[in-house]
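Visitor: Could you take me slowly through a single part of this structure, and then show me how its surroundings are built? I am in my first year, so I would be glad of a careful explanation.

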Amino acid sequence: MSSHADSEVLRYTAFSADPDGGNPAGVVLDASGLDDAAMLAVAAELGYSESAFLTASDGRGGHTVRYFSPKAEVPFCGHATVATALALAERDGPGDLVFSTLAGQVPVTVVREDGELRATLTSVEPHTEDAAPEDVAEALAALDWPAADLDPALPPRIAYAGARHLVLAAATRERLADLSYDFARLEALMQRLGLTTVQLVWRESATVFHVRDPFPVGGVVEDPATGAAAAAFGAYARELGLVPHDAVLTLHQGADMGRPGTLTVGLRTGDPRVRVTGTGTRIG
């Protein structure tokens with residue numbers, strides 16, 4: 001039995017224990033009374049890159065979840081998944097959940113470590129595909145990045161783990177830090193290619209990466225911490241042989257926006273799926 005309180009809009013940040021870090025998301029634990037237009041209106045009013053809406057629960061840890069940016073519904077959102085799992089864990093206690101999303105079934109496990117709740121989502125089966133040279137050129141033109149500023153060791157690809165992302169690797173941290181792009185031009189390319197974000201990445205060391213995610217199709221300039229892109233990047237890194245098949249990667253995101261967060265990406269031998277782990281906290 002849902003209480004009226006469950007239909008209220010909660011605010012959580014994901015991938016940081018600091019309310020001023022990570023990526024904020026709206027969470028509605030009982031959205032069964034909201035239609036599509038109402039969910040979109042809530043997401044638009046909040047203005048966060050995404051909000052999550054639980055539209056059905058089976059009472060055994062299974063939930064149907066829908067995700068909306070301020071402009072449109074999206075098939076899957078990692079940070080809002082983490083935020084929702086943490087909200088459920090605070091209400092019901094840690095444990096195992098399964099979210100039914102437009103992208104497929106996403107298991108989520110919440111554990112308490114050192115007094116802190118941490119959620120791990122397991123992606124749908126990922127894949128990558130080549131990015132057409134002319135599409136890469138158009139993305140670079142929209143970003144105002146010279147091709148010479150790319151890292152040749154991390155070639156452009158489109159990666160998917162519930163949503164599609166174009167991966168572009170900067171040769172230097174300075175290149176990644178200097179982000180000022182043509183919003184309409186990049187949005188048009190992303191709409192044509194069916195991209196959710198562009199995953200800009202710089203490799204600091206064997207398993208540590210810094211990332212940024214322009215998100216004009218969602219109506220925001222940049223996403224502060226992007227779980228779906230982190231999962232897609234894990235698949236990309238493994239498929240290209242950049243990391244071992246069994247690896248734990250650390251992705252730092254949001255520092256250039258003043259909202260630092262950390263995403264932990266887990267790869268396991270024999271399992272194509274990618275795990276993304278993060279903490280979070282209630283805002284306000």
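Guide: In this predicted model, helix 2 runs over residues 78-92, and its 15 residues reach 21 Å from the first C-alpha to the last, which is close to the 21 Å expected at 1.5 Å a residue. Twelve of those 15 residues are buried, so helix 2 is largely enclosed by the rest of the structure. If you follow the chain, the buried residues are G78, H79, A80, T81, V82, A83, T84, A85, L86, A87, L88 and A89.

Just after helix 2 comes G93, whose phi is positive, near 100°. G93 sits in the loop between helix 2 and strand 6, the latter covering residues 95-101. Is G93 buried, exposed or partly exposed? G93 has a relative accessible area of 31%, and because buried means under 20% and exposed means over 50%, it counts as partly exposed. To relate this loop residue to the helix before it, take V82: G93 and V82 are eleven residues apart in sequence, and their C-alpha atoms are 14 Å apart in space.

Helix 2 also has a part in an enclosed space. A search of the whole structure finds one cavity of 30 Å³ or more, and the volume of the largest cavity is about 60 Å³. Its lining consists of 14 residues, and those nearest the centre are E50, C77, T196, D223 and T226. Helix 2 supplies at least two residues of this lining, and so does helix 6, residues 227-239. Sorted by class, the lining has seven polar, five nonpolar and two charged residues.

From here we can turn to some individual residues in strands, beginning with T13, which lies in strand 1, residues 10-14. T13 is buried, with a relative accessible area of 0%. A polar atom of its side chain lies 2.6 Å from the backbone oxygen of G21, and the side chain of T13 also reaches the backbone nitrogen of N23 at 3.1 Å. Once its neighbours within four places in sequence are left aside, the residues in contact with T13 include D18, P19, G22 and P24, and, much further along in the numbering, R259, T279, G280, T281 and I283.

The next residue to consider is H210, which has its place in strand 13, residues 208-215. With a relative accessible area of 14%, H210 is buried, because the cut-off for that word is under 20%. Its side chain makes a polar contact with the side chain of E204, at 2.6 Å. Not counting residues up to four places away in sequence, H210 touches R173, L176, L200, V201, W202, E204 and H252.

Last comes V265, placed in strand 16, residues 261-268. V265 is buried, and its relative accessible area is 0%. Which residues is V265 in contact with, leaving aside its neighbours within four places in sequence? They are A230, G234, A247, V248, L249, L251, V274 and R275. As for a separation across the structure, V265 and V136 are 129 residues apart along the chain, and 25 Å separates their C-alpha atoms.

Note on methods. Residues numbered from 1 in each chain as written. Predicted model: local features only at pLDDT ≥ 70, side-chain atom pairs only at ≥ 80, totals over all residues. Heavy atoms only, no water. Helix = DSSP H or I, 4+ residues; strand = E, 2+ residues; numbered from the N terminus. Expected span 1.5 Å × (residues − 1). Buried < 20%, exposed > 50% of the residue type's maximum accessible area, 1.4 Å probe, protein only. Polar contact = N/O pair within 3.5 Å; in protein donor to acceptor, adjacent residues only side chain to side chain. Contact = heavy atoms within 4.5 Å. 1 Å grid on protein atoms, 1.4 Å probe; cavity = no way out; pocket = protein on both sides within 12 Å on 5 of 7 lines; lining within 4 Å. Points joined across faces, edges and corners; volume = space filled by probe spheres on them. Nonpolar A, V, L, I, M, F, W, Y, C, P; charged D, E, K, R; others polar.
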